[in-house]
Amino acid sequence: DTKIVLYQGGMQEGRGLFKLLVAFKNIENGKLIMLGDGKERQNLLDYHRELKLENKVIFIDRVPYQELRSYTKSADIGIQFLENTNFNHYSASSNKLFEYLMAHVPVIGSDLPEIKRVIEEEQVGLIVQEANTVQLNGAIQILINDDELRTTLKRNTESAKRKYNWENEKRILNNIY
């Protein structure tokens with residue numbers, strides 16, 4: 001019954017990772033996997049011990065890109081909780097979001113324009129106000145508890161995957177050039 005919630009990527013400022021740990025404190029029937037590396041990794045490890053989350057949160061070092069997909073596919077929920085700390089984050093349409101979609105993993109994402117657009121148009125996840133740990137906690141718990149919703153969102157990743165892929169994107173890029 002335990003659902004796997006995954007954050008994969010750089011452990012840097014502005015990714016909402018400390019807030020993700022706070023949001024996960026009261027989650028039931030879920031494990032958070034934090035996969036990656038970065039300058040905030042040790043601080044996150046220390047903070048998760050301070051919050052007494054050792055039984056709920058597992059840190060995994062960066063893995064070779066060829067192995068990343070198997071980790072991503074094993075998740076039930078993917079997290080893309082960027083904070084609006086700069087224009088890059090505000091306007092981000094990040095690889096992580098599309099990696100989750102390609103692996104058929106429903107996403108909880110920040111209410112930032114491009115992340116919101118993809119998640120809502122494709123109906124592949126839930127949107128939460130960036131930096132809002134209460135909303136993040138609620139969204140995680142909803143997707144852990146609601147098998148039917150999670151399955152529907154996962155099914156919707158099939159069509160999103162056909163729309164957002166390199167074969168389609170390279171045509172657009174070639175036309176621009």
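Is Leu53 buried or exposed in this predicted model? Leu53 is buried, with a relative accessible area of 2%, where buried means under 20% relative accessible area, exposed means over 50% and partly exposed covers what lies in between (1.4 Å probe, protein chains only). A quick word on ground rules: residues are numbered from 1 along each chain as its sequence is written, and side-chain values use heavy atoms, with hydrogens and water left out. Since the model is predicted, local features need pLDDT of at least 70 and side-chain atom pairs count only at pLDDT 80 or more, while totals for chains, interfaces and linings use all residues.

Back to Leu53, then. Leu53 sits in the loop between H2 and E3; the labels H and E stand for helices (DSSP runs of H or I, at least four residues) and strands (runs of E, at least two), numbered from the N terminus. Setting aside residues up to four places away in sequence, Leu53 touches Leu21, Phe24, Lys25 and His48, with contact meaning heavy atoms within 4.5 Å. Asn168 is another story: Leu53 and Asn168 are 115 residues apart in sequence and 42 Å apart in space, going from C-alpha to C-alpha.

The helices H1 and H2 make a pair. They pack at an angle of about 20°, and their axes are 10 Å apart; these axes are lines fitted to C-alpha atoms, for helices over the stretch in contact, and angles run from 0 to 180 degrees between N-to-C directions. That angle makes H1 roughly parallel to H2, given that angles under 35 degrees count as roughly parallel, over 145 as roughly antiparallel, 65 to 115 as roughly perpendicular and the rest as oblique. The crossing of H1 and H2 is right-handed, meaning that the near helix is turned clockwise from the far one by less than a right angle, whereas an anticlockwise turn would be left-handed. On the H1 side, Leu17, Phe18, Leu21 and Val22 meet Asn43, Leu44, Tyr47 and His48 in H2. Sorted by class, this contact has six nonpolar, two polar and no charged residues; here Ala, Val, Leu, Ile, Met, Phe, Trp, Tyr, Cys and Pro count as nonpolar, Asp, Glu, Lys and Arg as charged, and the others, Gly among them, as polar.

Both helices also feed the largest nonpolar core. A nonpolar core is a set of buried Ala, Val, Leu, Ile, Met, Phe, Trp, Tyr and Cys residues joined through side-chain atoms within 4.5 Å. This one has 28 residues, and those with the most contacts inside it are Met34, Ile79, Ile108, Leu136 and Ile140. Among the elements that each supply at least two residues of this core are strands E1 (3–8) and E2 (30–35) and helix H7 (133–145). Take Ile108: beyond four places in sequence, the residues touched by Ile108 include Ile79, Leu126, Val128, Leu136 and Ile140. A second, separate core of 22 residues includes Leu82, Tyr100, Val118 and Tyr164. In soluble globular proteins, nonpolar side chains tend to be buried together.

Next come H5 and H6. Their packing angle is about 15° and their axes are 11 Å apart, which makes H5 roughly parallel to H6. H5 passes H6 in a right-handed crossing. Leu97, Phe98 and Leu101 of H5 make the contact with Ile115, Val118 and Ile119 of H6, and its residues divide into six nonpolar, no polar and no charged. Leu97, which lies in helix H5 (residues 95–102), is buried, with a relative accessible area of 0%. Apart from neighbours within four places in sequence, Leu97 is in contact with Val107, Ile115, Val118 and Ile119.

Two loop residues deserve a look. Most residues other than glycine have a negative phi. His104, in the loop between H5 and strand E5 (107–110), has a positive phi of about 65° although it is not a glycine, and His104 is buried at 12% relative accessible area. Gln123, in the loop between helix H6 (113–122) and strand E6 (125–128), likewise has a positive phi, of about 50°, without being a glycine.

Finally, H7 and helix H8 (residues 147–163) pack at an angle of about 95°, with axes 5 Å apart, making H7 roughly perpendicular to H8. The contact residues here divide into five nonpolar, one polar and two charged. Also in helix H8 is Glu158, partly exposed at 37% relative accessibility.
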